[in-house]
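User: Hello! I would like to learn how to read aromatic contacts in a protein model. Could you walk me through an example?

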Amino acid sequence: AFAGARPGAIVARRGLHATPARLGGYHYPEGPRSNLPFNPLTRFFYLRYIAFCATGFGLPFGIAVWHLKKNK
């Protein structure tokens, strides 16, 4: 398929194994966790995270149960 193509028309694949070395280790110069909109190192972060996930996952089920029972 590439036999008739011009040499300049073939695009070389990017070597992803060399990307971190060129960036210096971290994508952001401030270091890890600097691009997050929250601070996971605070006290009781895990409780707020679990509550957030439980609310986001459970709310649709609670709304569905409420809709099914309100017409009875």
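User: How many aromatic pairs does the count come to here?

Analyst: Keep in mind that this is a predicted model. The general idea is that two rings pair if their centres lie within 6.5 Å. By that rule, the count comes to three aromatic pairs. Let's start with F38 and F45: their ring centres are 5.6 Å apart and the planes meet at 15 degrees, so this pair is stacked.

User: Are the two partners, F38 and F45, buried or exposed?

Analyst: Buried means under 20% relative accessible area. F45 has 18%, so F45 is buried. F38 has a relative accessible area of 40%, so F38 is partly exposed.

User: What kind of aromatic pair do F57 and F61 form?

Analyst: That one is tilted: the centres are 5.3 Å apart, with 50 degrees between the planes. Both F57 and F61 are exposed.

User: Where do F57 and F61 sit along the chain?

Analyst: They are in helix α2, which covers residues 45–69. The two are four residues apart in that helix, so about one helical turn separates them.

User: Which residues form an aromatic cluster?

Analyst: F38 and F45 join with Y49 in one aromatic cluster.

User: What does UniProt list for residues 46–68?

Analyst: An unreviewed UniProt entry lists them as "transmembrane region". Such annotations may be inferred rather than shown by experiment. In the model, residues 46–68 are 100% helix and 0% strand, and 33 Å separates the C-alpha atoms at the two ends.

Notes. Residues are numbered from 1 along each chain as its sequence is written. This is a predicted model: local features need pLDDT of at least 70, side-chain atom pairs count only at pLDDT 80 or more; totals for chains, interfaces and linings use all residues. Side-chain values use heavy atoms; hydrogens and water are left out. Rings of Phe, Tyr and Trp (its six-membered ring) pair if their centres lie within 6.5 Å; planes under 30 degrees apart count as stacked, over 60 as edge-to-face and the rest as tilted. Buried means under 20% relative accessible area, exposed over 50%, partly exposed in between (1.4 Å probe, protein chains only).
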